[in-house]
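Dear colleague,

Here is the structure I said I would pass on to you. Please have it open while you read, as the notes below follow it from place to place.

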Amino acid sequence: MDLGIKGKRAVICASSKGLGLGCARALAGAGVDVVMNARGADALEAAATAIRAEFDVSVTTVAADITSDAGRARVIAAAGAVDILVNNAGGPPPGLWQDWDRDDFIKALDANMLAPIAMIKQLVPAMMARGWGRVVNITSQSVKAPIPQLGLSNAARTGLTGYVAGTSRQVAEKGVIMNNLLPGIHDTDRATALDGGVMEREGITMEEARARRTATIPARRYGTAEEFGATCAFLCSQHAGFIVGQNILLDGGATNATI
Ligand code: NAP
């Protein structure tokens with residue numbers, strides 16, 4: 001399917017690895033020029049070099065912390081006039097509900113709620129003025145069904161979801177389409193880190209931790225960054241113009257809900 005976005009320009013936050021990289025690769029595959037970001041310059045440059053070699057698009061990199069004002073300012077300056085924004089950042093640490101203090105919540109809110117909102121506020125007005133734009137926020141399955149050990153994620157991402165629910169319906173008339181993608185478990189470094197926590201807590205091997213988690217997923221496997229990226233690229237495509245303010249779950253059926 002031709003996604004109809006060849007020649008557009010996208011900024012994909014937190015995209016040297018994992019789901020963000022999957023989105024950057026899928027958008028580049030659709031002919032979109034990409035601005036990629038992560039804190040670590042080495043992995044970022046390696047990912048950008050691979051995309052340049054594979055796809056005929058321009059790739060700009062900005063090594064910066066997207067959760068800081070200064071980092072976002074550098075990304076926005078390099079991005080220029082972008083048509084597509086993919087919001088992403090690292091996820092908060094696991095723990096139990098009594099564990100977290102104000103500072104822990106502020107960090108989680110900064111990364112998983114306020115940073116994406118700041119990017120939206122900076123980039124969406126120009127999209128509206130041009131009459132076309134796409135915003136995809138990478139959130140989590142935890143928005144639909146809370147994950148007990150990820151209370152910081154449950155809280156911060158739900159705040160972003162509420163903001164997007166209201167905002168998406170105010171910008172759609174100007175051609176800016178905003179939605180959220182909710183990953184369940186995907187085979188990335190983040191999943192390895194979470195499984196590592198289970199391994200230590202339960203005194204089991206990594207294979208056992210992974211097998212236990214796989215058994216809870218109707219699809220009986222972890223998702224891939226490639227299929228996640230393809231869904232993101234579709235939400236950024238011309239065909240997604242009537243999908244407004246939705247929360248699309250990519251979890252292999254793990255969330256047991258009728259709608
Ligand atoms: P990942 O494999 O650990 O990759 C994270 C990427 O984000 C890396 O490129 C990392 O590079 C970059 N990054 C992290 N913090 C950043 C920051 N402050 N500024 C700029 N870049 C940053 O994680 P993932 O699995 O792709 O997950 C992406 C998001 O989806 C996370 O919020 C995660 O919690 C959420 N999620 C993931 C899953 C899953 O199963 N994978 C499930 C539900 C939700 P640097 O470290 O070099 O900055």
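**Notes on the model**

R220 is found in the loop between α7 (206–215) and α8 (225–235). Please keep in mind throughout that this is a predicted model. The phi angle of R220 is near 55 degrees, a positive value in a residue other than glycine, and R220 is exposed, with a relative accessible area of 52%.

A14 also has a positive phi, of about 50 degrees, although A14 is not a glycine. The place of A14 is the loop between β1 (9–12) and α1, and there A14 counts as buried, because its relative accessibility is 19% and the limit for buried is under 20%.

The ligand comes next. Its surroundings comprise 28 residues, of which S16, L19, A89, H186 and T188 come nearest. Sorted by class, this shell has 9 nonpolar, 13 polar and 6 charged residues. Among the secondary-structure elements, α1 (18–29), β2 (33–38) and α6 (189–202) each supply at least two residues of the shell, and at the level of domains, at least three residues are drawn from each of domain 1 (9–184 + 224–249) and domain 2 (185–222).

Which protein atoms lie 2.6 Å, 3.4 Å and 3.1 Å from oxygen atoms of the ligand? A backbone N or O atom of A89 lies 2.6 Å from a ligand oxygen, a polar backbone atom of G184 is 3.4 Å from an oxygen atom of the ligand, and for R190 a polar side-chain atom lies 3.1 Å from a ligand oxygen. Taken alone, the ligand exposes 880 Å², and the protein buries 89% of that area.

You may also wish to know about the cysteines. How many disulfides does the structure hold? The count is 0. For C13, the closest cysteine sulfur is that of C23, and because the two sulfurs are 11 Å apart, they are too far from each other for a bond. C13 is buried, with a relative accessible area of 0%. C23 is likewise in no disulfide, and the cysteine sulfur nearest to C23 belongs to C232, at 3.5 Å; since a disulfide needs two cysteine sulfur atoms within 2.5 Å, this pair does not count as one. C23 counts as buried too, at 0% relative accessibility.

Two further residues are worth a look while you have the model open. S140 is found in the loop between β5 (133–138) and α5 (151–171), where S140 counts as buried at 9% relative accessibility, and the side chain of S140 reaches the backbone nitrogen of S142 at 2.9 Å. K107, by contrast, has its place in helix α4 (residues 102–130) and is exposed, with a relative accessible area of 60%. K107 and T188 are 81 residues apart in sequence, and their C-alpha atoms are 22 Å apart in space; T188 is one of the residues that come nearest to the ligand.

With best wishes

Conventions:
Residues are numbered from 1 along each chain as its sequence is written. This is a predicted model: local features need pLDDT of at least 70, side-chain atom pairs count only at pLDDT 80 or more; totals for chains, interfaces and linings use all residues. Side-chain values use heavy atoms; hydrogens and water are left out. A residue is near a molecule or strand if one of its heavy atoms lies within 4 Å of it. A polar contact is a pair of N or O atoms within 3.5 Å; within protein, one must be able to donate a hydrogen and the other to accept it, and residues adjacent in sequence count only if both atoms are side-chain atoms. Accessible areas come from the Shrake-Rupley method with a 1.4 Å probe; for residues, only the protein chains shown count as cover. Helices (H or I, at least four residues) and strands (E, at least two) are DSSP runs, numbered from the N terminus. Ala, Val, Leu, Ile, Met, Phe, Trp, Tyr, Cys and Pro count as nonpolar, Asp, Glu, Lys and Arg as charged, and the others, Gly among them, as polar. Domain bounds come from an automatic or database domain assignment. Buried means under 20% relative accessible area, exposed over 50%, partly exposed in between (1.4 Å probe, protein chains only).
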